[in-house]
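User: I am new to reading protein models and would like to work through one slowly. Could we take it one question at a time?

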Amino acid sequence: MSAETFDVAIVGGAVMGSSIACHLAMDPDFTGRVVVIEKDPSYRTCASALSAASIRQQFSEPTNIAISLYGIEFLREIGMRLAVGDERPAIDLHEGGYLFLATADKRHILEENHALQTRMGADIAFLEPHELLARFPWLNVEDIAAGCWGRSGEGWFDGYGLMQAFRKKARALSVPYLAAEVREAAREGEGFRLQLSDGSTISAGKLVNAAGAEGAARLARQLGVDLPVESRKRMIFTFDCREPVAGCPLLIDPTGTYVRPEGTGFLCGSAPPQERDPDTRDFDVEHDFFDEYLWPVLAARVPAFEAIRPGQAWAGHYDMNLFDHNAILGTVDGHPGLYLATGFSGHGLQQSPAVGRGIAELIVHGGWRSLDLGALSHERIAQGRPVLEKNVV
């Protein structure tokens with residue numbers, strides 16, 4: 001059977017793969033053919049559809065901050081940037097801010113992060129306990145030494161809507177999407193040959209691995225590249241609260257538990273203890289995790305949450321980079337034509353505008369142009385140089 005030939009094949013058609021495809025198609029210097037291969041066109045279980053969908057600049061690593069500074073600019077202008085004809089996408093961006101809280105032993109980390117974030121242009125307020133109470137009177141700050149709140153540029157949005165906006169724009173620019181799984185990937189001369197689950201074969205000069213939690217590491221292994229990426233289940237629980245909690249941001253407790261408004265109620269979650277966090281493919285919701293861990297933490301931090309009514313809950317998967325919990329981007333030494341966009345560890349939605357643009361520029365122009373993402377290259381893993389990000393949620 002003859003293979004259809006493309007200049008670039010992108011494996012994974014959720015938010016990251018679609019952003020890369022979209023940016024390639026929009027680049028006036030790119031004249032090649034792009035194809036996106038997505039095994040589940042319903043996107044029912046992809047991280048883009050099941051995420052809490054938020055964006056922040058409150059990172060400790062400069063590249064992550066720069067990525068999100070561009071990201072918020074892109075999200076604010078999405079109706080213009082990703083318009084298809086007269087149709088302008090909307091993602092209901094709500095800049096309610098993140099609020100990171102710190103106990104006395106972690107105050108210095110908050111101070112260091114705040115200095116870097118504001119120096120890079122992020123609009124983050126450093127608040128003492130009395131200032132926290134003045135702005136958020138429903139908050140228990142008895143054990144809190146300080147907090148940092150994003151006054152603008154941080155918040156939450158419709159993540160599924162963002163993914164679909166990239167996808168629709170890419171398709172409008174003549175990028176085909178194939179509903180199939182890559183069963184086998186191999187070198188073919190200077191390019192690649194992909195055997196798909198529908199029996200077809202694709203040949204491509206360049207290959208982008210954006211296959212996410214379930215597929216990125218497997219695809220890379222077929223090409224002789226080991227990635228420290230595994231699937232980690234994360235659960236989101238919703239609830240209604242009897243008392244008003246006015247002006248609630250996306251609150252990050254010192255334990256790592258988070259909560260934010262969702263409609264008239266709230267949603268919350270947290271990373272489970274390490275012993276409850278295996279590499280997994282299941283989507284089972286463990287309701288005891290909410291009852292025994294999340295709710296006690298939230299009720300202690302926000303007394304109004306002592307009286308709540310639980311709602312829906314669901315689970316999704318992170319493509320977790322076990323090396324340093326940061327994205328793995330760009331080329332791979334010794335594997336020309338192979339590009340990585342994986343290991344986002346829960347940050348993929350907010351990083352998709354900058355990463356999509358960056359990978360596209362790397363393919364078309366041979367280097368990072370608008371924003372240098374080299375700190376997140378695969379090379380650091382091969383050399384054992386982790387990027388230390390202190391603000392992992």
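Analyst: Before we start, a residue is called buried when its relative accessible area is under 20%, and exposed when that area is over 50%. Please also keep in mind that this is a predicted model.

User: Is Lys-233 buried or exposed?

Analyst: Lys-233 sits in strand 12, which covers residues 229–241. Its relative accessibility is 9%, and the cut-off for buried is under 20%. Because 9% falls within that cut-off, Lys-233 counts as buried.

User: With the side chain of which residue does the side chain of Lys-233 make a polar contact?

Analyst: A polar atom of the Lys-233 side chain lies 2.8 Å from the backbone oxygen of Asp-284, but that partner is a backbone atom, whereas you asked about a side chain. Leaving aside neighbours up to four places away in sequence, Lys-233 touches several residues, among them Asp-282, Asp-284 and Glu-286. The polar contact from side chain to side chain, at 2.9 Å, is with Glu-286.

User: What radius of gyration does the chain have, and what would a compact globule have?

Analyst: The chain contains 11 helices and 18 strands, and its C-alpha atoms fill a box of roughly 65 × 50 × 40 Å along the principal axes. For 393 residues, a compact globule would have a radius of gyration near 21 Å, and the chain agrees with this, having 21 Å.

User: What share of the residues in the chain is buried?

Analyst: Here the question moves from Lys-233, which is itself buried, to the whole chain of 393 residues. The buried residues make up 55%.

Terms used. Residues numbered from 1 in each chain as written. Predicted model: local features only at pLDDT ≥ 70, side-chain atom pairs only at ≥ 80, totals over all residues. Heavy atoms only, no water. Helix = DSSP H or I, 4+ residues; strand = E, 2+ residues; numbered from the N terminus. Buried < 20%, exposed > 50% of the residue type's maximum accessible area, 1.4 Å probe, protein only. Polar contact = N/O pair within 3.5 Å; in protein donor to acceptor, adjacent residues only side chain to side chain. Contact = heavy atoms within 4.5 Å. Rg over C-alpha atoms; globule rule 2.2 N^0.38 Å.
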